[in-house]
Amino acid sequence: MKPAPWFLTLSFAHACLAALRCGRVVLLAVVPLFVQAQSEAQPLPVLTLSVLQFGTPHWELDHLKRHGLDKANGFELEVRLVADLPASRLALGSGSVDGAVSDLLWAQARYEAGTAYRYLPFSSQIGEVLVNDGSDIRTLADLRGKRIGVAGGPDGLGWQLLQQAAAGQGIDLAREASVQYAAPPLLSQALRRGQVDALLTFWHFSARLRGEGGVRIAFGLADLIGTLGLDPDLPVLGYLLPQDWASEHDDLLQRFSRALRETKDQLASQPDLWQEIRPLMRADNDAVFAALHDSFVEGIPQPLDAARIDALHRLLLLTGAEPEKLMPAALFQSEP
């Protein structure tokens, strides 16, 4: 057989080289897609949090999840809704969730009892003392001889701070006033009916009452903290995560902390985003909605630093914590 003409052989060689180059290009294009697919197939670490269905933490977690800020920061948030605070604390204590929201005094009490929690700030809102519009109560001294409704019980942070501030002016509220403890909704009705003269209640109940009209703030607890020589913008509510878990999942906790800051920044700067959250807020009218929105944003805490952690320690001492049993600074989670 005669060999193929030289120009046909050369053309065939060129065709083979072209095919090889083409195949290499295809291969190089496929490899990144394969790597990306493999990366996407890897499951993200999951963080489970127990929150009240209509509680204020659910507002920001709903936004965080709705806008994918968890996945953007490399984790998956799983929110488990419960009906009340005891159920949330039970879920946390049993280990069925990674974290839950509670107040600083509860975290301190658990630490004294031998259970340490990492404390990631949620809000600096404590509460307010409300009176009806026609009331003559304007100062702490005006509470002498009055009927005071107190939400949260005798050990609540708000009541402890109110007593401390009054004691600084020589007033013993526990002895010089008539104090009634009850659930916030019952006390809200008692104020409306004139069954109490003043109401110390949690901030979101206060905002709702103010939005409905007919009441005013006699004084806010943040202002009272200032009279005690402390920064009024202290995060008295926080996400609590078992310290052993937090130590083992430090990277996940840092990711959650970043996502939370992004969430808070967006909710503070973009009011339109709150329309998505409004169903969770159960705001019956625009005034209630605005009051709840404004109070939430006002309570967004600044990042923790050494000075603010020291102020939290002084706050705990003011409310009865033993100096040798204070939550150590390492338990307060600063932002990455």
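Two strands are taken to pair if DSSP finds at least two bridges between them, and the sheet in the first view below rests on that criterion; the model shown in every view is a predicted one.

**View 1. A five-strand open sheet with mixed pairing.** The strands of this open sheet follow the order β2-β1-β3-β10-β4. At the edges stand β2 (76–82) and β4 (117–123), each of which has a single partner strand, so that one side of each is left without a neighbour in the sheet. From one strand to the next, the twist averages 35°. Within the sheet, β3 and β10 run antiparallel and are joined by four bridges, and valine 101 has tyrosine 239 of β10 as its bridge partner.

**View 2. Strand β6 and its parallel neighbours, β7 and β8.** Strand β6 is mostly covered, with four of its five residues buried. Five bridges pair β6 with strand β7 (residues 178–182) in the parallel sense, and among the residues involved arginine 147 has serine 178 of β7 as its bridge partner. Strand β8 also runs parallel to β6, to which it is joined by three bridges; here glycine 149 is partnered by leucine 199 of β8.

**View 3. The salt bridge between aspartate 197 and arginine 147.** The closest N and O atoms of this pair lie 2.9 Å apart. Aspartate 197 sits in the loop between α8 (184–192) and β8 (198–202), whereas arginine 147 belongs to strand β6 (residues 147–151), so the salt bridge ties together parts that are 50 residues apart in sequence. Aspartate 197 has a relative accessibility of 23% and therefore counts as partly exposed. Arginine 147, with a relative accessible area of 31%, is likewise partly exposed.

**View 4. The salt bridge between arginine 89 and aspartate 103.** The two side chains meet at an N to O distance of 3.4 Å. Because arginine 89 lies in helix α4 (residues 85–94) and aspartate 103 in strand β3 (residues 99–103), the contact ties together parts that are 14 residues apart in sequence. Arginine 89 counts as partly exposed at 23% relative accessibility, and aspartate 103 also counts as partly exposed, at 21%.

**View 5. The salt bridge between arginine 308 and aspartate 233.** In this pair the closest N and O atoms are 3.7 Å apart. The contact links distant parts of the chain, with arginine 308 in helix α15 (residues 306–318) and aspartate 233 in the loop between α10 and β10 (237–242), 75 residues apart. The cut-off for a buried residue is a relative accessible area under 20%, so arginine 308, at 8% relative accessibility, counts as buried. Aspartate 233, with a relative accessible area of 19%, is buried as well. Elsewhere, Lys65, Asp70, Lys71 and Glu76 are joined into one network by salt bridges that share partners; the search of the whole structure finds 18 salt bridges.

**View 6. The second largest pocket, with about 240 Å³ of space.** This pocket is lined by 16 residues, of which Gln125, Glu128, Ala222, Asp223 and Glu298 are the closest to its centre. Two or more lining residues come from each of the elements β5 (127–132), β9 (215–220), α10 (221–227) and α14 (286–298). By class, the lining of the second largest pocket is made up of six nonpolar, five polar and five charged residues.

**View 7. The largest cavity, which holds about 100 Å³ of space.** A search of the whole structure finds one cavity of 30 Å³ or more. The residues that line the largest cavity include Leu120 and Pro121, together with Ser257, Leu260, Arg261 and Lys264, and also Gln333 and Glu335. Both β4 and α12 (250–269) supply at least two residues of this lining, and α12 gives the most, with four residues. The lining of the largest cavity divides into six nonpolar, three polar and three charged residues.

**View 8. Arginine 282, a residue with positive phi that is not a glycine.** The phi angle of arginine 282 is about 50°. This residue lies in the loop between α13 (274–281) and α14, and at 47% relative accessibility arginine 282 counts as partly exposed.

Methods: Residues numbered from 1 in each chain as written. Predicted model: local features only at pLDDT ≥ 70, side-chain atom pairs only at ≥ 80, totals over all residues. Heavy atoms only, no water. 1 Å grid on protein atoms, 1.4 Å probe; cavity = no way out; pocket = protein on both sides within 12 Å on 5 of 7 lines; lining within 4 Å. Points joined across faces, edges and corners; volume = space filled by probe spheres on them. Nonpolar A, V, L, I, M, F, W, Y, C, P; charged D, E, K, R; others polar. Salt bridge = Lys/Arg side-chain N within 4 Å of Asp/Glu carboxyl O. Buried < 20%, exposed > 50% of the residue type's maximum accessible area, 1.4 Å probe, protein only. Axes fitted to C-alpha atoms, helices over the stretch in contact; angles between N-to-C directions.
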